[in-house]
Amino acid sequence: MTLTDFARRVTDPGTCAVTGSGSAGPGANAAPGATGRAPVPVAGADAAVSRAVGREADGLAVASFVLGLVGLLVFNVLLGPTAIAMALLALARRTRRRGRALLGLALGVADLVVLAVLVTGNGAVAWNVGG
């Protein structure tokens, strides 16, 4: 079987038999190793990929929360937008830690609000407390 024959194969969802120009049933001139049946997906592969994506999304949610929290104190011009972006990515990837991602999003927005208030009060991009 060549690569182009493989691309032309179509599985029939009702019977799981391979149809199309590359099909090889019993008694046909089948390529070596061709059985005429559709390949069976491995059940554990989809679950492993789903767990890896879920774990990554959970990590993004936690990271956005931590960056938003730290951003209230230092580097809010950098950490605020980063927390917002990570929270939105975590929510888009359907994290199980949705509350933490929403907190990270809120804290990222709060970082930018704090920056705007402090810059308005000082009249400069750099700010300090007590001076």
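**Notes on the predicted model**

1. Start with Asp111. Setting aside neighbours within four places in sequence, Asp111 is in contact with Leu67, Gly68, Gly71, Leu72, Asn76, Leu79 and Gly80. The coordinates come from a predicted model. Asp111 lies in helix α4. Its relative accessibility is 0%, so Asp111 counts as buried, the cut-off being under 20%. The C-alpha atoms of Asp111 and Leu69 are separated by 8.3 Å, although their positions lie 42 residues apart along the chain.

2. Next, the confidence. The chain has a mean pLDDT of 73, and 52% of its residues reach 70 or more. Among the elements of the chain, α3 has the highest mean pLDDT, 92. Strand β1 (residues 10-11) has the lowest, 45.

3. Take care with residues 10-19. There pLDDT stays under 50. The model still has 16 contacts beyond four places in sequence for this stretch. Where pLDDT is low, predicted coordinates should not be read in detail.

4. Now the core. Which residues form the largest nonpolar core? There are 5: Leu60, Ala61, Ala90, Leu91 and Ala101. Helices α2 and α3 each supply at least two of them. In soluble globular proteins, nonpolar side chains tend to be buried together.

5. Ala90 is a useful residue to click on. Leaving out neighbours within four places in sequence, Ala90 is in contact with Ala57, Leu60, Ala61, Thr95 and Ala101. Leu60, Ala61 and Ala101 are also members of the core.

6. Arg94 sits in the loop between α3 and α4 (98-122). Is Arg94 buried or exposed? Its relative accessible area is 72%, so Arg94 is exposed, the cut-off being over 50%. The C-alpha atoms of Arg94 and Ala57 are 7.0 Å apart, with the two residues 37 apart along the chain. Ala57 is also one of the contacts of Ala90.

7. Look at the surface too. Val66, Val70, Leu73, Val74, Phe75, Val77 and Leu78 make a nonpolar surface patch of about 700 Å². The elements giving two or more residues to this patch are α2 (43-71) and α3 (76-92).

8. Within that patch, Val74 lies in the loop between α2 and α3. Why does Val74 count as partly exposed? Its relative accessibility is 39%, which falls between the limits of 20% and 50%.

Methods. Residues numbered from 1 in each chain as written. Predicted model: local features only at pLDDT ≥ 70, side-chain atom pairs only at ≥ 80, totals over all residues. Heavy atoms only, no water. Patch = residues over 30% accessible without salt bridge, like charges linked within 9 Å, V, L, I, M, F, W, Y side chains within 5 Å. Areas by Shrake-Rupley, 256 points an atom, 1.4 Å probe, with all protein chains shown as cover. Salt bridge = Lys/Arg side-chain N within 4 Å of Asp/Glu carboxyl O. Helix = DSSP H or I, 4+ residues; strand = E, 2+ residues; numbered from the N terminus. Buried < 20%, exposed > 50% of the residue type's maximum accessible area, 1.4 Å probe, protein only. Core = buried A, V, L, I, M, F, W, Y, C linked by side-chain atoms within 4.5 Å. Contact = heavy atoms within 4.5 Å. pLDDT = per-residue confidence, 0-100.
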